[in-house]
Amino acid sequence: MTASAAVLAAIPHRPPFLFVNEIIEIGPKRIVAQSQADPDADFFRGHYPGEPVMPGVLLCECCFQAGALLIAHGVGKVQASQGIPVLTRIADARFKHIVRPGDTLIAEVTMDDELDGAYFLTGRLSANERHALRVTFACMLAPRQESPR
């Protein structure tokens, strides 16, 4: 599954580190995004060989990227020129279900609060309609680095 133009235009992530392919639904304080646990991803070869499991940190990354999309599209129409979304806090990650190669992932992220440019969010991830993760996190926009000349 390739990423949609809307995803690529909104966040700086690119393959092989892009874990959101499509925006399913978006509102001012909530986004639902979809991805696929690519069976050909390199991490599956070494993370439990013979019994491949998607690493929990990458499940969290799915939610973090969906949160970046929510900030870019849903919260005051943040422009890419205003900065890049960076993670500033992770709290209370709870893993409930193993994600395997080929699973369809749905990330639902809600905006809990915004304070002085810091965004506080809650992410929920399901794999094949089974609850896999809940995580709270915060991020903010960091200044873009100037290109070397």
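Is E114 buried, exposed or partly exposed? E114 counts as partly exposed, because its relative accessibility is 43%. The legends below refer to a predicted model.

**View 1. Overall chain and order of its elements.** The chain holds three helices and six strands. From the start of the sequence onward, these elements follow the pattern α-β-β-α-α-β-β-β-β. The C-alpha trace spans about 45 × 40 × 25 Å along its principal axes. The radius of gyration of the chain is 15 Å, which agrees with the value near 15 Å for a compact globule of 149 residues. Of the 149 residues, 42% count as buried.

**View 2. Patch of negative charge on the surface, formed by D112, D113, E114 and D116.** One member of the patch, E114, is placed in strand β4, which covers residues 104–115. Another member, D116, is found in the loop between β4 and β5. E114 has 43% relative accessibility and counts as partly exposed, whereas D116 has 78% and counts as exposed.

**View 3. Backbone at D116, in the loop between β4 and β5.** D116 is not a glycine, yet its phi is positive, at about 50°. Most residues other than glycine have a negative phi. D116 counts as exposed because its relative accessibility, 78%, lies above the cut-off of 50%. The residue also belongs to the patch of negative charge shown in View 2.

**View 4. Backbone at N128, in the loop between β5 and β6.** Strand β6 covers residues 130–142. Phi of N128 is positive, near 50°, in a residue other than glycine. At 43% relative accessibility, N128 counts as partly exposed, because this value falls between the cut-offs of 20% and 50%.

**View 5. Y119 in strand β5, shown with F137.** Strand β5 covers residues 118–127. Y119 counts as buried, because its relative accessibility is 6%, and buried means under 20%. The C-alpha atoms of Y119 and F137 are separated by 8.4 Å. Along the chain, these two residues are 18 residues apart.

**View 6. Cis peptide bond between P15 and P16.** Omega of the bond is about 10°. Most peptide bonds are trans. P16 is placed in the loop between α1 and β1. Helix α1 covers residues 5–10, and strand β1 covers residues 22–26.

Key: Residues numbered from 1 in each chain as written. Predicted model: local features only at pLDDT ≥ 70, side-chain atom pairs only at ≥ 80, totals over all residues. Heavy atoms only, no water. Patch = residues over 30% accessible without salt bridge, like charges linked within 9 Å, V, L, I, M, F, W, Y side chains within 5 Å. Areas by Shrake-Rupley, 256 points an atom, 1.4 Å probe, with all protein chains shown as cover. Salt bridge = Lys/Arg side-chain N within 4 Å of Asp/Glu carboxyl O. Lys, Arg positive; Asp, Glu negative; His and termini not counted. Charge placed at Lys NZ, Arg CZ, Asp CG, Glu CD. Helix = DSSP H or I, 4+ residues; strand = E, 2+ residues; numbered from the N terminus. Buried < 20%, exposed > 50% of the residue type's maximum accessible area, 1.4 Å probe, protein only. Rg over C-alpha atoms; globule rule 2.2 N^0.38 Å.
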